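Reader: I have a structure to look at and no idea where to start. Can we go through it together?

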Amino acid sequence: MTDDGQPGFGIALRGKRAAATSQFAGMLHAMGSTWLTPGREPAFTSDEGVKAFDMWGRLLRLYGPPGSENNHWYEASSIFSQGKAAMFMDANSLFPVIEDPQKSKVIGKVGYVLFPRGPKGQYGSTVAVWGLAMPKSSKNQKPAWLFMQWATAKAQVMNLQSEKGILGCRESVWKDPKGKGKVPGDLSESLMQGSKMGTPLWNPPVVAVAEVRDTVGAAIVTSIQGGDVRAAVNKAATDMKRIMAETENK
Amino acid sequence: MIKEMQTAPGPASMREGKPASWWSHLAEKHPVLLFTLPAGIVVFGLMVFPVFYTVYMSLHSWFASSLTTPEFIGVRNFVRAFIQDERFRNAFVLTIYFTVLATAMQLVLGVALALLLNRPFRGKGLFRSIFLLPMVATPVAIALVWMMMYNPTLGVMNYLTGLVGLGPYKWVSDARIVIPALAAVDTWEWTPLITLITLAGLATLPLEPYESALIDGATPAQMFWRITLPLLRPTIMVALLFRSIDCLKTFDIIYVMTAGGPGFASETLNVYTFQVGLFYFHIGYASSLLVILFALVLGVSLVLIKVRRGSW
């Protein structure tokens, strides 16, 4: 039940095919599994991996808003910021939606913590940073490198983080009181912790990442729908292997 | 005409005996070629070339985020689509399912509405204009509004079905009813087109058969089934042709509302092709899927045109 007596939900999460995988990565790692073995074979077909898929689906099927199968961060964060869900696990970059005085109904009522630790105490946090990359084949390497230096310089990160609430990944900015800007205290604290022990594997480390995300996401959807999770996970692994064979080592 | 132009007094420069430019020479010698050239270039560049290039690419394997060039693999893309690719088979079936469902609903509703609107009543012009509005609205905006209406928690559709004791449904999030739910949106948007075409057909119907039917004592139902419908058949077939071509290719409302989900339960051929080409970067395979979609649309159109001309 929500504050105003309307029916509410225990948790809001992403459930939409490819979109769900990046947040599911937290569950996968907390359960003690990961995407690939060191030999680049799918690793999530282990018991721990299947448990992670099952848990994600069960949470949404039993305690999540109906229709979670089609929910992206936008839908899930709307449900949470409207006060209709007790918990929301997603990227911390979404905090401006939850702290938006124009739209949110839960300002001041939300606490931020790290992704819960798994049964064996494993951390699930992922460090999902978006980076800039320059291909070897770039024809303007020097200007590109200058731009990359400028865009990631302390001054830029400081500006974006304190003014716009776009969370950066420079420790020096986080240590500066000015850099924290409007970021809630417990959020910045959990972010500092998470960035130390979180895994960068917020998505499968493969070349054809969009295609593999759709494949893995299909297993997440099956789990939400209450289907055969193990079969769906095995199928995702088979498809992933095929896609990797088609697109890598060429 | 050209001779007249040649004998008529030319521009000042020509009259003064200056040599005409090569440009005007050319225009006089080959007017047909020259004046159709711009249109020809546009048609070739924007329509003919892309079709042939797509067919050419469909015979290649090319993963666009690698640095390798396209590799010729013959018809292996097509073999893969029809034999190995489950998602393709799923998309193929869903495309047909969506098209049959949507066009059937639109046809029945559209013709019924046209028959209603064809009767004289007060405010007929106003009603006609209002009925055309869905067709004029932007598809993406329509899709977003319907998404809100279909929302299982906040949407109005579950409230409405609840009033008559049904539901609650998950609408586009339920794999079993997502296609009918999407077809309903398409029907809401495009029924007016069928109404419009049928109204035009109704306006051209002769009165004599109705007069003789009245004299012979035919009931209104008999007149509808025996006179109106057979006479309207060619018109309705045109409307059906337009709608089925469009339904086979529907992309906007499906992509905005479900992006093919939940899972792959609403992934039609066009949505799947878009994913394969522009998200997965398998340009060659996406081209072959497009060729298949093109063949499907062409095939359905040809059958419908045949049916329209034929006797049944």
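**Two chains, step by step**

Author: Sure. Start with chain B: of its 312 residues, 30% count as buried. Keep in mind that this is a predicted model.

Reader: OK. How many helices and strands make up the secondary structure of chain B?

Author: Chain B has 15 helices and 2 strands.

Reader: What radius of gyration does chain B have, and what would a compact globule of 312 residues have?

Author: Chain B has 27 Å. A compact globule of 312 residues would be near 20 Å.

Reader: And what box do its C-alpha atoms fill?

Author: Roughly 90 × 70 × 40 Å for chain B, taken along the principal axes.

Reader: What about contacts in chain B? What share comes from residues 24 or more positions apart?

Author: 68%, counting contacts with a separation of 6 or more.

Reader: Switching to chain A. What is its secondary structure?

Author: Chain A comes to 11 helices and 2 strands. From the N terminus, the order is β-α-α-α-β-α-α-α-α-α-α-α-α.

Reader: Why is chain A called as compact as a globular protein of that length?

Author: Its radius of gyration is 19 Å, and the globule rule gives 18 Å for 250 residues. Those values are close, so chain A is as compact as a globular protein of that length.

Reader: What does its C-alpha trace span?

Author: About 60 × 50 × 30 Å along the principal axes of chain A.

Reader: Last bits. How much of chain A is buried?

Author: 38% of its 250 residues count as buried. In chain A, residues 24 or more positions apart make 63% of the contacts with a separation of 6 or more.

How values were computed: Residues numbered from 1 in each chain as written. Chains lettered and ligands numbered in written order. Predicted model: local features only at pLDDT ≥ 70, side-chain atom pairs only at ≥ 80, totals over all residues. Helix = DSSP H or I, 4+ residues; strand = E, 2+ residues; numbered from the N terminus. Rg over C-alpha atoms; globule rule 2.2 N^0.38 Å. Buried ≥ 20, exposed ≤ 12 C-beta atoms within 10 Å, placed from the backbone. Contact = placed C-beta atoms within 7 Å.
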